[in-house]
Amino acid sequence: MSCPSELDTFYTVSLQLTKDCGQLIKERISSRTKKVETKSGAIDFVTETDQEVERLLIEGLSKAFPNHKFIGEESVSSGAHCDLTDAPTWIIDPVDGTMNFVHSFPHSCISIALFVNKLPAIGIVYNPMLNQLFTAQKGKGAYLNGQKISVSETKNLGDALILMEFGTSRDPERRNIILENQQKLMPQVHGLRALGSAALNMAMVACGAADAYFEFGIHIWDIAAGELIITEAGGVVIDPAGGEIDRLSRRVVGASSLELAKQLAKELSQFYPERD
């Protein structure tokens with residue numbers, strides 16, 4: 001792991017770049033003339049803003065830290081290899097919640113994390129539309145707009161507000177699993193919610209606004225920052241079958257407590273997407 005003073009420098013630079021790019025997203029979200037293209041499916045969108053924000057973040061970080069590596073959503077979509085090594089690696093989702101952004105629905109964010117030795121060291125999730133800046137550094141706690149946050153500590157499924165997503169895949173098997181889990185959980189929990197952004201779902205767990213979140217089919221860039229923000233807020237991030245998190249498995253549960261995470265995992269019908 002890098003020394004604390006180095007991490008502080010990495011954090012300061014990445015935070016300023018994130019804030020600058022957030023203003024770009026904020027200025028463009030209300031536009032009705034966004035240029036929208038599709039990626040893996042008919043409703044898996046990418047916009048010029050996704051591509052520009054990722055380019056600006058990678059250019060800025062590369063200039064400051066020329067030896068660092070990158071995993072970016074749009075870079076991988078364009079053919080770059082998703083390769084997580086021990087080297088300091090920035091994992092970037094330039095606009096998490098692109099579907100929301102396309103529709104001017106204000107739950108979109110930049111998600112950026114630094115991994116060192118394959119472990120999270122810095123996490124930033126920034127929704128500029130609602131002025132929500134979630135931040136964490138390893139061992140220093142998690143914060144919302146500079147105020148320390150913590151998970152709800154809910155331990156029982158029956159007391160929990162759960163976040164889940166419908167995703168952009170139209171694969172019939174995955175869709176059936178989503179609906180099956182919805183039907184299983186609805187009678188057992190306080191409620192089910194979906195924000196349309198994995199990173200913001202995880203941030204809601206971290207600040208205690210929700211108690212758990214699960215999803216099949218996400219990617220490492222969706223959850224890299226959120227993982228550290230949840231764990232630094234006192235929560236847990238595990239595999240949906242109950243074991244240790246595998247960050248390239250495209251499966252995640254984040255929860256306010258290990259007890260709740262394991263109860264949720266027991267109830268879930270499992271789905272195993274192709275790995276990153």
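1. Cysteine 21 is buried, with a relative accessible area of 4%. The model is predicted, and zero disulfides are found in it. Cysteine 21 takes part in no disulfide. The nearest cysteine sulfur belongs to cysteine 109 and lies 13 Å away. A disulfide here would need two cysteine sulfur atoms within 2.5 Å, so cysteine 21 remains unpaired.

2. Cysteine 207 is likewise in no disulfide. For this residue too, the nearest cysteine sulfur is that of cysteine 109, at 13 Å. Its setting is partly exposed, with a relative accessible area of 25%. That value falls between the 20% and 50% limits, so cysteine 207 counts as neither buried nor exposed.

3. Next, the nonpolar interior. In soluble globular proteins, nonpolar side chains tend to be buried together. The largest nonpolar core here has 39 residues. Which members touch the most others? They are Ile91, Val125, Tyr213, Ile220, Ile229 and Val252. Strands β5 (109-116) and β7 (132-137) each give two or more residues to this core. Helices α6 (198-206) and α7 (220-232) do so as well.

4. Tyrosine 213 deserves its own point. Leaving out residues up to four places away in sequence, tyrosine 213 touches Leu163, Glu165, Ala198, Asn201, Met202, Val205, Ile218, Val252, Val253 and Gly254. Among these, Val252 is listed with tyrosine 213 as one of the core members that touch the most others. Another core, of 28 residues, lies apart from the largest one. Its members include Leu15, Leu17, Ile58 and Ile92.

5. Aspartate 50 sits in helix α2 (residues 48-64). Buried or exposed? Aspartate 50 is buried, because its relative accessible area is 0%. Which side chains make polar contacts with aspartate 50? One is that of threonine 47, at 2.5 Å. Another is that of threonine 98, at 2.8 Å. Beyond four places in sequence, aspartate 50 touches Glu74, Pro94, Val95 and Thr98. Threonine 98 therefore appears both as a polar partner and in the contact list, where the cut-off is 4.5 Å.

6. Aspartate 239 is in the loop between β13 (236-238) and β14 (251-255). Aspartate 239 is buried, at 11% relative accessible area. Its side chain reaches the backbone nitrogen of alanine 241 at 2.8 Å. The side chain also makes a polar contact with that of arginine 251, at 3.0 Å. Setting aside neighbours within four places in sequence, aspartate 239 is in contact with Glu244, Ile245, Ser249 and Arg251.

7. Aspartate 246 belongs to the loop between β13 and β14 as well. Aspartate 246 is partly exposed, with a relative accessible area of 30%. Not counting residues up to four places away in sequence, aspartate 246 touches Arg251 and Arg275. Arginine 251 is thus in contact with aspartate 246 and is also a contact of aspartate 239. For a long-range reference, take glutamate 37, which is 209 residues from aspartate 246 along the chain. The C-alpha atoms of these two residues are separated by 30 Å.

8. Lysine 266 lies in helix α8 (residues 258-267). This lysine counts as exposed, because its relative accessibility is 74%. Glycine 242 is 24 residues away along the chain. The C-alpha atoms of lysine 266 and glycine 242 are 7.4 Å apart.

9. Now the empty space. Rolling a probe the size of a water molecule over the atoms shows where it is left. How many cavities of 30 Å³ or more does the structure hold? There is one. The largest cavity contains about 70 Å³ of space. Its lining consists of Met164, Glu165, Arg174, Ile177, Ile178, Asn181, Phe214, Glu215 and Phe216. Helix α5 (172-185) and strand β12 (212-216) each supply at least two of the lining residues. The largest share, four residues, comes from α5. Glu165 lines this cavity and is also touched by tyrosine 213.

10. The second largest pocket holds about 220 Å³ of space. Of its 11 lining residues, Leu119, Pro120, Lys138, Glu227 and Arg247 are the closest to its centre. Strand β6 (119-127) and helix α7 each give two or more residues to the lining. Which element gives the largest share? That is α7, with three residues. Helix α7 also gives two or more residues to the largest nonpolar core.

Technical notes. Residues numbered from 1 in each chain as written. Predicted model: local features only at pLDDT ≥ 70, side-chain atom pairs only at ≥ 80, totals over all residues. Heavy atoms only, no water. Core = buried A, V, L, I, M, F, W, Y, C linked by side-chain atoms within 4.5 Å. Buried < 20%, exposed > 50% of the residue type's maximum accessible area, 1.4 Å probe, protein only. Polar contact = N/O pair within 3.5 Å; in protein donor to acceptor, adjacent residues only side chain to side chain. 1 Å grid on protein atoms, 1.4 Å probe; cavity = no way out; pocket = protein on both sides within 12 Å on 5 of 7 lines; lining within 4 Å. Points joined across faces, edges and corners; volume = space filled by probe spheres on them.
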